[in-house]
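Biologist: Got a minute? I'd like to go through this structure with you. Can you put it up?

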Amino acid sequence: MDIMSYIKPELIVIVPVLYCIGMILKSTRLVNKWIPLILGGISVVLCLIWVLSRSDIGNIQNFVGALFTAVTQGILTAGLSVYINQIYNQMKKK
């Protein structure tokens with residue numbers, strides 16, 4: 001299964017943005033276990049902004065579809081960002 005085939009190409013740019021935000025959060029006193037959840041929330045909001053800007057929201061059904069797309073894309077992009085971070089961390093280990 002190729003996760004990249006599920007993420008809209010226009011939203012791939014969110015992945016490095018989330019990675020940078022994650023590095024900033026990691027440098028604070030925030031407990032590490034909350035960082036993926038925070039990144040997920042930020043990602044969903046960013047995806048929602050993008051989806052709503054590209055959607056014709058004429059009725060509740062269109063809005064719910066846009067919301068579903070934003071949440072799904074947000075989870076996937078946040079997951080990919082955390083996955084990339086974990087690969088980097090594992091590669092640094094000896």
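Biologist: How many residues does H3 have, and how far does it reach?
Modeller: This is a predicted model, so keep that in mind. H3 has 33 residues. From its first C-alpha to its last it reaches 48 Å. That is close to the 48 Å expected at 1.5 Å a residue.

Biologist: Where does H3 sit in the chain?
Modeller: H3 covers residues 60-92. At its start, Asn-59 makes a polar contact. A side-chain oxygen of Asn-59 comes to within 3.1 Å of the backbone nitrogen of Gln-61.

Biologist: Which residues of H3 are buried?
Modeller: They are Ala-66, Ala-70, Gln-73, Gly-74, Thr-77, Ala-78, Leu-80, Ser-81 and Asn-85.

Biologist: What do they pack against?
Modeller: Helix H1 and helix H2. H1 runs over 14-26, and H2 over residues 35-54.

Biologist: Take Ser-81. Why does it count as buried?
Modeller: Ser-81 has a relative accessible area of 2%. Buried means under 20%, so Ser-81 qualifies.

Biologist: And what does Ser-81 touch, leaving aside its neighbours within four places in sequence?
Modeller: Val-15, Leu-18 and Tyr-19. There is a polar contact too. The side chain of Ser-81 reaches the backbone nitrogen of Tyr-19 at 3.2 Å.

Biologist: Now Gln-73. Is it buried or exposed?
Modeller: Gln-73 is buried, because its relative accessible area is 6%. Gln-73 also lies in H3.

Biologist: Which residues is Gln-73 in contact with, leaving out neighbours within four places in sequence?
Modeller: Tyr-6, Ile-7, Lys-8, Leu-11, Ser-43 and Cys-47.

Biologist: Let's move to H2. What does Trp-50 contact, again skipping neighbours within four places?
Modeller: Trp-50 is found in H2. Its contacts are Lys-8, Glu-10 and Leu-11. Lys-8 and Leu-11 are also on the contact list of Gln-73.

Biologist: How far is Trp-50 from Ile-38?
Modeller: Their C-alpha atoms are separated by 19 Å. Along the chain, Trp-50 and Ile-38 are twelve residues apart.

Biologist: Okay, H1. Is Leu-25 buried or exposed?
Modeller: Leu-25 is found in helix H1. Leu-25 has 17% relative accessibility, so it counts as buried.

Biologist: Who are its partners beyond four places in sequence?
Modeller: Leu-25 is in contact with Leu-30, Ile-35, Ile-38 and Leu-39. Take Leu-39. Leu-25 and Leu-39 are 14 residues apart along the chain. Their C-alpha atoms are separated by 9.3 Å.

Biologist: What about the loop between H1 and H2? Where does Val-31 fit in?
Modeller: Val-31 is found in that loop. Its relative accessible area is 47%. Partly exposed lies between 20% and 50%, so Val-31 is partly exposed.

Biologist: How far apart are Val-31 and Tyr-6?
Modeller: In space, 30 Å, C-alpha to C-alpha. In sequence, Val-31 and Tyr-6 are 25 residues apart.

Biologist: Switching to the surface. Which residues form the nonpolar patch?
Modeller: Leu-52, Ile-57, Ile-60, Phe-63, Val-64, Leu-67, Val-71 and Ile-75. Together they have about 660 Å² of accessible area.

Biologist: Which helix gives the most to the patch?
Modeller: Helix H3, with six residues. So H3 gives residues to the patch and also has buried residues that pack against H1 and H2.

Biologist: And Leu-52?
Modeller: Leu-52 lies in helix H2. Leu-52 is partly exposed, with a relative accessible area of 33%. Patch residues need over 30%, so Leu-52 meets that cut-off.

Biologist: Zoom out for me. What elements does the whole chain have?
Modeller: Three helices and zero strands. From the N terminus on, the order is α-α-α.

Biologist: What box do the C-alpha atoms fill?
Modeller: Roughly 55 × 30 × 15 Å, taken along the principal axes.

Biologist: How much of the chain is buried?
Modeller: Of its 94 residues, 23% count as buried. The accessible surface of the chain comes to about 6600 Å². Carbon and sulfur atoms account for 68% of that surface.

Biologist: Last one. How many of the contacts join residues at least 24 apart?
Modeller: 67%, among contacts between residues at least 6 apart in sequence. One contact of Ser-81 in H3 is with Val-15.

Key: Residues are numbered from 1 along each chain as its sequence is written. This is a predicted model: local features need pLDDT of at least 70, side-chain atom pairs count only at pLDDT 80 or more; totals for chains, interfaces and linings use all residues. Side-chain values use heavy atoms; hydrogens and water are left out. Patches are made of residues with over 30% relative accessible area and no salt bridge: like charges are joined within 9 Å, nonpolar side chains (Val, Leu, Ile, Met, Phe, Trp, Tyr) within 5 Å. Accessible areas come from the Shrake-Rupley method with a 1.4 Å probe; for residues, only the protein chains shown count as cover. A salt bridge is a side-chain nitrogen of Lys or Arg within 4 Å of a carboxyl oxygen of Asp or Glu. Helices (H or I, at least four residues) and strands (E, at least two) are DSSP runs, numbered from the N terminus. Buried means under 20% relative accessible area, exposed over 50%, partly exposed in between (1.4 Å probe, protein chains only). Contact means heavy atoms within 4.5 Å. The expected span of a helix is 1.5 Å times one less than its number of residues. A polar contact is a pair of N or O atoms within 3.5 Å; within protein, one must be able to donate a hydrogen and the other to accept it, and residues adjacent in sequence count only if both atoms are side-chain atoms.
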